[in-house]
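This report looks at a ligand site, a helix and two backbone outliers in turn.

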Amino acid sequence: MLTKTKTQAINCRHFINGQFVDSESKKSFENINPTTEEVLGIVAEGGKEEVDQAVVAARRALHGAWKTITLEERSKILRKIGDLILERQEELAQLESLDTGKPFSLANSVDIPRAAYNFHFFADYIISVGTDAYQQNQVALHYSIRRPVGVVGIIKPWNLPLLLLTWKLAPCLGMGNTAVIKPAEWTPMTATILMEIIKEAGVPDGVVNLVHGFGPNSAGGAISEHPDIDAISFIGEPSTGSSIMKAASDSLKKLSYELGGKNPNIIFADSDLDEVIETTIKSSFINQGEVCLCGSRIYVERTVYKQFLSEFVQKVKNLKVGNPFDADTNIGALISKEHYDRVNSYIDIAREEGGTILTGGKRPEGLEKGYYLEPTIITDLDQNSRCVREEIFGPVVTVVPFDTEEEVIKQANDTHYGLSATIWTNDLKRGHRVAQQVEAGIIWVNTWFLRDLRTPFGGMKQSGIGRTGGMHSLDFFSELSNITIKL
Ligand code: NAD
């Protein structure tokens, strides 16, 4: 529940067994507005005790009210949640923008509508799919049934808070599981509102629980090691994924990971450069570059390298960085002081490594407060430089020329990451050829971030474990049992 105090602070509490509660310890922390650096509100800080209570409630609900609800009724509830998100779209978009620093226009046109669609999509999907059946001659009939995995821990990052939470929660509930959610400590607000919506939509108490807090030695750690949590759906950094895996190993939890990326954006000379530049501005800087799918490593065929750079730099200079609530703002503030310092440290590293900052690399003039950074384009770095290899997760891209298809495929694959890739070419054969050699879970040819929620989504290498989307989500959030009847 969000409560507004006289000072307009927006406070967030846990949601356990259908009730909004504070921590028994009364511990709390401040939620900082990234654009003003002022306190937005106070957030209850949960730990082992709150996670224990949430798990007890979730386990009870799993075997109680939730179990008796039919698939059709669950589908209706999911649809209702999606409808209620849309009814509160503007309020949710405002809170998302306040919490993250992202432009309100982006939250209102992408984050919140997609959060609603995640529920609408799975409302339809869960009632339209079946399971396998095999007739083995006249000997036996084999068929499988789906059952919930159980109590699922859902641990979330801060960049697309409601969009990513609902992407997991919708199939989780659709398959009859119950959940204990931990939103990112920097973005607690829309997850809290979602709990009000969930209650209003008729989800029984205890089915969805929310515990605010931090990572290790806090709510995140308590979820990861809890012996009575059956699975964890995690989105975040690879190193956090590794810690969660260690903590979850004693109880052998089922894990689904969507992790970081350092995604190549490969531009061949035969592509339509106007379209490339228009999309590359988005794939580089949308959401302040804080999207796991951003194409932060741009490779351009040498024959159009100069032309691309001059047009790209010119257009990027025209992007407006500023107040997320101004209608003409393209780029808001980065999420936190800690993250802002980290992203800025990469600009120092680029300079030390001999890179050229073609534009950006500093705080925009006139914005003294807030974690604002100009969109930054860096050249003259080689494949081994840290800025080309490490995920910066901010409005910073590197641009590197290439001469041959073989060379650029090698460079694209020379990374521990394997989340997404974009390939620009008007040569149909080359499009297929390169796409099939680039090591990534999601590959776009002549587009970026074009999604169909039925398709597999996820990363290779250190960018993830497993896939979500359509049947892949249902596979993670259910257990299949095969039944054999001898004829
Ligand atoms: P993070 O890993 O720091 O934190 C994610 C969540 O994990 C937070 O809720 C945090 O409190 C919690 N956490 C941290 N340490 C923990 C621990 N030891 N045990 C349990 N929980 C712990 O990630 P972030 O900074 O919030 O998000 C940015 C990262 O997420 C980037 O790497 C980005 O690429 C990735 N990401 C990936 C996808 C995807 O779909 N592949 C989508 C969005 C973000």
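The paragraphs below treat the ligand surroundings, then one helix, then two residues with positive phi.

**The ligand and its shell**

The model is predicted, and every contact described here should be read with that in mind. The shell around the ligand counts 32 residues, of which Lys156, Glu185, Thr240, Leu259 and Glu391 come nearest. Sorted by class, this shell is made up of 16 nonpolar, 10 polar and 6 charged residues. Both domains take part, since domain 1 (14-259 + 462-486) and domain 2 (264-452) each supply at least three residues to the shell.

Among the polar contacts to the ligand are the three in the following table, one through a side chain and two through the backbone.

| Residue | Protein atom | Ligand atom | Distance |
|---|---|---|---|
| Glu185 | polar side-chain atom | oxygen | 2.6 Å |
| Gly236 | backbone N or O atom | oxygen | 3.4 Å |
| Leu259 | polar backbone atom | nitrogen | 2.7 Å |

Taken alone the ligand would expose 850 Å², and the protein buries 92% of that area. The elements that contribute two or more residues to the shell are helix α7 (219-225), strand β12 (231-235) and helix α8 (238-248).

**The two sides of helix α14**

Which residues of helix α14 (residues 428-435) are buried? They are Arg430, Gly431, Val434 and Ala435, and because these residues cover an arc of only 125 degrees around the axis, they lie on the same side of α14. An α-helix has 3.6 residues a turn, so residues three or four places apart point the same way. On the other side of α14, by contrast, Leu428 and Lys429 are exposed.

**Two residues with positive phi**

Asn17 has a positive phi of about 55 degrees, although Asn17 is not a glycine, and this residue sits in the loop that joins β3 (14-16) to β4 (19-21). Its relative accessibility is 29%, so Asn17 counts as partly exposed, given that this class runs between the buried limit of under 20% and the exposed limit of over 50%.

Lys461, likewise not a glycine, has a positive phi of about 45 degrees, and its place is in the loop between β20 (442-445) and β21 (464-465). Is Lys461 buried, exposed or partly exposed? With a relative accessibility of 36%, Lys461 counts as partly exposed.

Technical notes
Residues are numbered from 1 along each chain as its sequence is written. This is a predicted model: local features need pLDDT of at least 70, side-chain atom pairs count only at pLDDT 80 or more; totals for chains, interfaces and linings use all residues. Side-chain values use heavy atoms; hydrogens and water are left out. A residue is near a molecule or strand if one of its heavy atoms lies within 4 Å of it. A polar contact is a pair of N or O atoms within 3.5 Å; within protein, one must be able to donate a hydrogen and the other to accept it, and residues adjacent in sequence count only if both atoms are side-chain atoms. Accessible areas come from the Shrake-Rupley method with a 1.4 Å probe; for residues, only the protein chains shown count as cover. Helices (H or I, at least four residues) and strands (E, at least two) are DSSP runs, numbered from the N terminus. Ala, Val, Leu, Ile, Met, Phe, Trp, Tyr, Cys and Pro count as nonpolar, Asp, Glu, Lys and Arg as charged, and the others, Gly among them, as polar. Domain bounds come from an automatic or database domain assignment. Buried means under 20% relative accessible area, exposed over 50%, partly exposed in between (1.4 Å probe, protein chains only). The arc is that of the directions from the helix axis to the C-beta atoms.
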